[in-house]
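Open the model in a viewer and keep the selection panel at hand. The stops below say what to select and what is found there.

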Amino acid sequence: MKTGKVVLLVVGTILSLLGMLLGAAALILGVLYVIQRDKGYLTTPTETFRTTSSALLSERVDLFLDEPAPPGFRTEDIGRFLVRATATAPEREIFVGIGPTRDVEAYLANVAHTVITEVQFDPFDASYREIPGDEPAAAPNEQPFWDASAVGVGTQQAQWMVREGSWTVVVMNADGSPGVDVRLQAGAHIDLLGPLALGALAGAVVLLILGLPLLLAGAIGLGRHGPPPAHRPAYGAADATPTPAPQHQVRAYPVHLRGELDEPLSRWLWLVKWVIAIPHYLVLFFLNVAFVFATLAAGVAIVVTGRYPRALFDFNVGVLRWNWRVAFYTYSALGTDRYPPFSLHRTDYPADLEVDYPQRLSRGLVLIKWWLLAIPHYLVLAVLAGGWLGGWSIGVATGNGADNATGNGTWAFGSLLGVLVLFAALAVLFTGTYPRGLFDFVMGINRWLYRVWAYAALMRDEYPPFHFDQGPHDPGERADTAPPPGPAASSSVPDHSPTREPPRL
């Protein structure tokens, strides 16, 4: 791969990814801004807090104490904070106030009070820290240090303009008596929310304008490598004479996945392949991000022209091929101990993938096949392949319904493919042999996965079949390499020798 194109791809991927993250942040900030504009405040759910002591306190909130605010920045421009309190007893007068932490601590120095240390919602749960004391509390409304306060029957609301300093929220009975039982709600109005959303959106646009052309230029440059070479002999048969391609080759589906079991396999190497493959994982991170953006660009081109740009197609096929090689080497198959090459192109590696280039594609299917039409396959593959598609688990009764509700007592098994590969790894560890039937079934799951992946990536319009095509080769390739009928074909064992791949159209 050309160094310049790789640099373009990496820089473009980083800029585009940062642009997408900023875009997502802008979307979230924009939604929050709309909610705040319509309701006035962004609020928490209203929940009940109670204590037998004389006061409920928040933990101290420090604003710009360790690091001063930037020059020209006023903390008052941040926004407003809101506390609403309603006594559970309708006739009870309630007090809510926000004051400097130092004054609040002096006021309640010898008074029993409770600090709310942690709050979580859905389900609601609050943690408290009890501070002992033996003196009665003076009436809170008579204290002069409150920056914002409210007192009375029913719902009381204190609105506070955010300012520099250390602050504490206090909720008490109006007469300072012990036993506070209230429903509380907190809210915030952030004046900077709108400017932050616009700034994030502007940054996202700039990064995408800079990054996407670089990414696509790198992808096109790496994908524009001409027609793929003919299939080399499978690993272990490099000296064999290639078999000419048949004139009429029958293939079940235009996504061709090959994986030759490369025995003998090391008994222990599979234990550390996750470490050995880290360089590939790092490269594939950038390639897969570029794959997504290249697919989006290809989708636009298909809608406009009905064709998948050939250079982008070859690049995306190369990314799929790279993913499959690493998956075959690691924990999607463990089919070889030969380290995968760092290449998008076809090689003599024992695992390979090819997708027939379509001359025309449906403009309408681009909009629905990758999500709507592929949903049945996604559901099946969530069980078969797991990973980014999901997984499956079995709940185990523990005799405690609360435990099951929180996820305790559950055994996670991942996916069928992961379990099968684990069995294969144990077989290699103890016997030195990979069970052939197990390998063929693993190949069938992977073949299904990559067919759906190519379909969802807009590479073909043919709907993937709902069946396993097991073994190292696609069905059509096995048929091409099978011996002709007659006396010479008396053996019942199919011939899995490799064939020479015809060039793509």
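Select Trp268, Leu271, Val272, Trp274, Val275, Ile276, Ile278, Tyr281, Leu282, Tyr331, Tyr339 and Phe342, and show their surface: together they form a nonpolar patch of about 1,100 Å². Helix H4 (273-276) and helix H5 (278-305) are the elements that each supply two or more residues to this patch. Bear in mind while looking that the model is predicted.

Stay on the patch and pick isoleucine 278, which lies in helix H5. How does isoleucine 278 count by relative accessibility? Its value is 36%, and because buried means under 20% and exposed over 50%, isoleucine 278 is classed as partly exposed.

Next, select residues 310-329, helix H6. Here the picture is one of enclosure: 19 of the 20 residues of H6 are buried, so the rest of the structure largely encloses this helix. A distance check can be made on the end C-alpha atoms of H6, which are 28 Å apart. At 1.5 Å a residue, the 20 residues should span 28 Å, so the two values agree.

Move to strand S13, residues 255-259. Is S13 enclosed or open, going by its buried residues? Five of the five are buried, so the strand is largely enclosed by the rest of the structure. Colour the two sides separately: Val255, Leu257 and Gly259 are on one, His256 and Arg258 on the other, and both faces are covered.

Add strand S14 (residues 351-355) to the selection; S13 and S14 run antiparallel and are joined by five bridges. To find the register, centre on valine 255, which stands opposite valine 355 of S14.

For a contrasting strand, select S10, residues 156-161. In a regular strand, side chains alternate between the two faces of the sheet. In S10, Gln156, Ala158 and Trp160 point to one face and are buried. Gln157, Gln159 and Met161 point to the other face and are not buried.

Then bring in S5 (residues 79-87), an antiparallel partner joined to S10 by six bridges. Leucine 82 has glutamine 159 of S10 as its bridge partner, and glutamine 159 belongs to the face of S10 that is not buried.

Finally, zoom out to the whole chain. It contains 12 helices and 16 strands, and buried residues make up 41% of its 505 residues. Of the contacts with a separation of 6 or more, 79% are between residues 24 or more positions apart. The accessible surface is about 25,100 Å², with 64% of it belonging to carbon and sulfur atoms.

Technical notes
Residues are numbered from 1 along each chain as its sequence is written. This is a predicted model: local features need pLDDT of at least 70, side-chain atom pairs count only at pLDDT 80 or more; totals for chains, interfaces and linings use all residues. Side-chain values use heavy atoms; hydrogens and water are left out. Helices (H or I, at least four residues) and strands (E, at least two) are DSSP runs, numbered from the N terminus. Buried means under 20% relative accessible area, exposed over 50%, partly exposed in between (1.4 Å probe, protein chains only). Contact means heavy atoms within 4.5 Å. Accessible areas come from the Shrake-Rupley method with a 1.4 Å probe; for residues, only the protein chains shown count as cover. Two strands pair if DSSP finds at least two bridges between them. Patches are made of residues with over 30% relative accessible area and no salt bridge: like charges are joined within 9 Å, nonpolar side chains (Val, Leu, Ile, Met, Phe, Trp, Tyr) within 5 Å. A salt bridge is a side-chain nitrogen of Lys or Arg within 4 Å of a carboxyl oxygen of Asp or Glu. The expected span of a helix is 1.5 Å times one less than its number of residues.
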